[in-house]
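This briefing covers the fold, the ring contacts, the salt bridges and selected residue environments. The sequence and model come first.

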Amino acid sequence: MADEDQNEEREPRIFSLTEAERTRRELEPVLTEAIESRRKMSELDTILAALASRIMMMGGMQINYESMAKVRFDRDHQAQTLRAALERIEETGCIVKDLDKGLLDFPSVINHEAVYLCWRLGEDRIRFYHRQDEGFAGRKPLDPRDTGPGDVVQ
């Protein structure tokens with residue numbers, strides 16, 4: 001039965017603005033770590049691709065395999081760090097929409113409509129939302145009437 005429960009999809013979490021903002025503050029350093037790990041992975045992938053090309057062209061005779069193993073180890077470490085950060089974010093019920101832009105969406109409801117509270121890294125707080133069938137381009141500013149009990153929009 002426990003295995004069955006793990007395989008079932010969970011109901012998406014619905015965030016109030018207050019809950020989303022609290023979660024955003026907790027996740028901001030995790031998102032930054034994920035972005036940095038992905039950047040480092042990309043650099044290491046470029047190094048590994050160049051080494052693989054060099055091996056093919058030169059038959060591997062002049063390759064420092066110890067150095068190559070370290071690059072591969074570092075790349076795998078960054079991949080593990082990235083995976084862990086993304087899992088941590090998704091565990092909260094938050095959705096990573098665009099890792100390159102640092103874009104997070106928080107499922108919510110405004111005026112009986114399913115929406116995403118939308119935040120991008122660098123913004124000081126959640127100020128926008130969009131319908132779930134819209135993307136970043138459809139962002140609209142939050143209005144005080146859109147908040148739930150205990151929520152405050154400044």
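Glu-28 is partly exposed, at 26% relative accessibility, where buried means under 20% relative accessible area, exposed over 50% and partly exposed in between, with a 1.4 Å probe and protein chains only. The side chain of Glu-28 meets that of Arg-24 in a salt bridge, at 2.8 Å from N to O; a salt bridge here is a side-chain nitrogen of Lys or Arg within 4 Å of a carboxyl oxygen of Asp or Glu. Arg-24, at 4% relative accessibility, counts as buried.

The model is predicted: local features need pLDDT of at least 70 and side-chain atom pairs count only at pLDDT 80 or more, while totals for chains, interfaces and linings use all residues. Residues are numbered from 1 along each chain as its sequence is written, and side-chain values use heavy atoms, with hydrogens and water left out.

**Overall fold**

- The protein has 3 helices and 5 strands; helices (H or I, at least four residues) and strands (E, at least two) are DSSP runs numbered from the N terminus.
- Along the sequence the elements follow the pattern α-α-α-β-β-β-β-β.
- Of the 154 residues in the protein, 32% are buried.
- About 10,100 Å² of the protein is exposed, and carbon and sulfur atoms supply 51% of that area; accessible areas come from the Shrake-Rupley method with a 1.4 Å probe, and for residues only the protein chains shown count as cover.
- Among contacts (heavy atoms within 4.5 Å) between residues at least 6 apart in sequence, 47% join residues at least 24 apart.

**Salt bridges**

- The structure holds 16 salt bridges.
- Glu-28 and Arg-24 both lie in helix α2, 4 residues apart, which is about one turn of the helix.
- Arg-131 bridges to Glu-113, with the closest N and O atoms 3.8 Å apart. Arg-131 lies in strand β4 (residues 128–131) and Glu-113 in strand β3 (residues 113–120), so this pair ties together parts that are 18 residues apart in sequence.
- Both ends of that bridge are partly exposed: Arg-131 at 30% relative accessibility and Glu-113 at 35%.
- Lys-140 and Glu-134 meet through their side chains in a salt bridge of 2.7 Å, N to O. Lys-140 counts as partly exposed, at 27% relative accessibility.
- A network of salt bridges links Glu-113, Arg-131, Asp-133, Glu-134 and Lys-140.

**Aromatic rings**

- Rings of Phe, Tyr and Trp (its six-membered ring) pair if their centres lie within 6.5 Å; planes under 30 degrees apart count as stacked, over 60 as edge-to-face and the rest as tilted.
- By this rule there is 1 aromatic pair. Phe-15 and Phe-106 form this edge-to-face pair, 5.2 Å centre to centre with 85° between the planes.
- The pair links distant parts of the chain, 91 residues apart: Phe-15 is in the loop between α1 (2–7) and α2 (17–58), and Phe-106 is in strand β2 (residues 103–110).
- Both rings belong to buried residues, with a relative accessible area of 1% for Phe-15 and 0% for Phe-106.
- The charged end of Lys-101 sits over the ring of Phe-136, 5.7 Å from its centre; this requires NZ of Lys or CZ of Arg within 6 Å of the ring centre and within 35 degrees of the ring normal.
- Lys-140, a member of the salt-bridge network, also lies over the face of Tyr-129, 5.5 Å from the ring centre.

**Surface patch**

- Met-56, Met-57 and Met-58 form a nonpolar patch on the surface, together giving about 410 Å² of accessible area. Patches are made of residues with over 30% relative accessible area and no salt bridge, like charges being joined within 9 Å and nonpolar side chains (Val, Leu, Ile, Met, Phe, Trp, Tyr) within 5 Å.
- Met-57 lies in helix α2 and is exposed, with a relative accessible area of 71%.

**Two buried residues**

- Leu-103, in strand β2, is buried at 6% relative accessibility.
- Leaving aside neighbours within four places in sequence, Leu-103 has contacts that include Ile-95, Val-96, Cys-118, Trp-119 and Phe-136.
- Leu-103 and Leu-121 are 18 residues apart in sequence and 6.4 Å apart in space, C-alpha to C-alpha.
- Ser-37, in helix α2, is buried at 4% relative accessibility. Beyond neighbours within four places in sequence, Ser-37 is in contact with Gln-78, Thr-81 and Leu-82.
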